[in-house]
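Take a look at the model below before reading on. Keep the side chains visible as you go.

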Amino acid sequence: MRVARYFVLWFVFIFLFTGAVVGLEYIEGYKITTTEYFGLRNAGFVLMIIPILISSLLYPVIVLPLSWFMGMIRWVRASLILYALLYAVMWAAAGTVLFYESYGDRFIQEYELHVSTAVILFGVIGLVYGWIEWKVLRHHPADLV
């Protein structure tokens, strides 16, 4: 039964990660008006497929082991605040890396893009994911041990 919860969290992760990437692209990527950059304006629906594929691979490799490890530590599992803060910081860091990888120094300076948008957007999504994971995994705490 515990495995089914992780599959549910996998789909939640895919949905939230894709939403954060598309949201960042909509907020910051729309400022880039050159044809050199293939963003939401040029790539359209294809831009949604890429984060879905990336998040499908990130979850079992990084997030699932981390979630399992955090679930093994009772005092971490018991605290919603700690869960949410850990995920908010990790998602904000991932958003920062994604921001710099996606746009590059030239576009950031030329179009005055702000990394704070990625930090805030991914941090909030991290809070939401942390809360959802905490609720899903805490529903039956006896199953986690």
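The paragraphs below go from the pocket to the core and then to two buried residues.

This is a predicted model, so local features are taken up only where pLDDT is at least 70.

Start with the empty space. A probe the size of a water molecule, rolled over the atoms, shows where such space is left. The largest pocket here has a volume of about 330 Å³. Its lining consists of 14 residues. Find F13, F17, L58, M90 and A94, which lie nearest the centre of this pocket. Three elements give two or more residues to the lining: α1 (2-27), α3 (46-72) and α5 (80-110). Which of them gives the most? That is α5, with six residues. What is the character of the lining by class? It has 13 nonpolar residues and one polar residue. Charged residues are absent from the lining of the largest pocket.

Now turn to the packed side chains. The largest nonpolar core holds 29 residues. Within this core, W91, Y103, L113 and Y129 have the most contacts. At least two residues each come from α1, α3, α5 and α6 (115-138). Here α1 gives the most, with nine residues. By contrast, the lining of the largest pocket takes the most from α5.

W91 is a good residue to centre the view on. Set aside its neighbours within four places in sequence. W91 then contacts F13, L16, F17, F122, I125, G126 and Y129. Two of these names have come up before: F13 and F17 are among the residues nearest the centre of the largest pocket. Y129 has come up too, as one of the core residues with the most contacts.

Next, go to S67 in helix α3. Is S67 buried or exposed? S67 has a relative accessible area of 0%, so this serine counts as buried. Beyond residues up to four places away in sequence, S67 touches Y6, Y83, Y87, E133 and L137. Look also at G130, 63 residues from S67 along the chain. The C-alpha atoms of S67 and G130 are separated by 9.7 Å.

Finish in helix α6, at T117. Why does T117 count as buried? Its relative accessibility is 17%, and the cut-off for buried is under 20%. Leaving out residues up to four places away in sequence, T117 touches L24, I27 and E28. Of these, L24 and I27 fall in α1, which spans 2-27.

Technical notes: Residues are numbered from 1 along each chain as its sequence is written. This is a predicted model: local features need pLDDT of at least 70, side-chain atom pairs count only at pLDDT 80 or more; totals for chains, interfaces and linings use all residues. Side-chain values use heavy atoms; hydrogens and water are left out. On a 1 Å grid over the protein atoms alone, a cavity is a set of points where a 1.4 Å probe fits but cannot get out, and a pocket is an open set with protein on both sides within 12 Å along at least five of seven lines; lining residues have an atom within 4 Å of a point. Grid points are joined across faces, edges and corners, and a volume is the space filled by probe spheres set on the points. Helices (H or I, at least four residues) and strands (E, at least two) are DSSP runs, numbered from the N terminus. Ala, Val, Leu, Ile, Met, Phe, Trp, Tyr, Cys and Pro count as nonpolar, Asp, Glu, Lys and Arg as charged, and the others, Gly among them, as polar. A nonpolar core is a set of buried Ala, Val, Leu, Ile, Met, Phe, Trp, Tyr and Cys residues joined through side-chain atoms within 4.5 Å. Buried means under 20% relative accessible area, exposed over 50%, partly exposed in between (1.4 Å probe, protein chains only). Contact means heavy atoms within 4.5 Å.
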